[in-house]
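Here are a few notes to read alongside the structure. I hope they help you find your way around.

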Amino acid sequence: HTAGAAISEVQGTGSSTTIGKMLFNNTDASNGVAVDTTDQTKVIFTYPGRYNLQFSAQLLSYANAADNVTIWVRQNGADVPSTAGIVTVPAIHGGVPGAIIAGWNYILKFNQNDVLQIYWTTDSGTSVISTYPPGLTPVHPSSPAMIVTAQFVSALV
């Protein structure tokens, strides 16, 4: 990383040919939806239903060129149709990494014990998903690498 950059946790894919799984290592609140304790890339649904699934990923790049990142959802190991999206992470500028937050929102059906995973890849292999610690100049709270929310909407009919 660039000298002086405050990065506390990074999820990287390593190369443009690698597909990564997004990691969730903290749960703020949960009721019937939880991160798997043995594989923190998996979110497990206890109750069947339709859920409003929202997520955001904080993406950084230290490269001299912009990088496209593709993000999509898998359910029980299978890609969910029409969930992929592409976001462009800006290039480094003035010694500061290029940064963007990508966010998606879906209504998806889940059965009991279904598994959700969020996958991603980068065209050039230069982008990472990163957590920023609290800042001192300017003062700000920590900024998590990933946030996922799964809110129950209705029962399956």
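How many of the residues of β10 are buried?

1. Please keep in mind that this is a predicted model. In it, β10 is mostly covered, with eight of its eight residues buried.

2. Have a look at the two sides of this strand. Val115, Gln117, Tyr119 and Thr121 point one way from β10, while Leu116, Ile118, Trp120 and Thr122 point the other way, and all are buried. In a regular strand, side chains alternate between the two faces of the sheet.

3. Next, the partners of β10. β6 pairs with β10 in the antiparallel sense over seven bridges, and Thr70 has Thr121 as its bridge partner there. β4 also runs antiparallel to β10, joined by two bridges; here Ile44 is matched with Val115. Strand β2 (residues 20-21) is antiparallel to β10 too, over two bridges, with Trp120 as the bridge partner of Gly20.

4. The largest nonpolar core has 27 residues, and Met22, Phe55, Leu59, Ile71 and Val73 are those with the most contacts inside it. Among the elements that give two or more residues to this core are β4 (43-45), β6 (67-75) and β10 (115-122). In soluble globular proteins, nonpolar side chains tend to be buried together.

5. Val73 is worth clicking on. Beyond four places in sequence, Val73 touches residues including Leu53, Phe55, Tyr106, Leu108, Leu116 and Gln117.

6. Finally, Val35 sits in strand β3 (residues 33-35). Setting aside neighbours within four places in sequence, Val35 is in contact with Phe24, Thr27, Gln40, Lys42 and Val43. Val35 and Phe45 are ten residues apart in sequence, and their C-alpha atoms are 9.1 Å apart.

Conventions
Residues are numbered from 1 along each chain as its sequence is written. This is a predicted model: local features need pLDDT of at least 70, side-chain atom pairs count only at pLDDT 80 or more; totals for chains, interfaces and linings use all residues. Side-chain values use heavy atoms; hydrogens and water are left out. A nonpolar core is a set of buried Ala, Val, Leu, Ile, Met, Phe, Trp, Tyr and Cys residues joined through side-chain atoms within 4.5 Å. Buried means under 20% relative accessible area, exposed over 50%, partly exposed in between (1.4 Å probe, protein chains only). Helices (H or I, at least four residues) and strands (E, at least two) are DSSP runs, numbered from the N terminus. Contact means heavy atoms within 4.5 Å. Two strands pair if DSSP finds at least two bridges between them.
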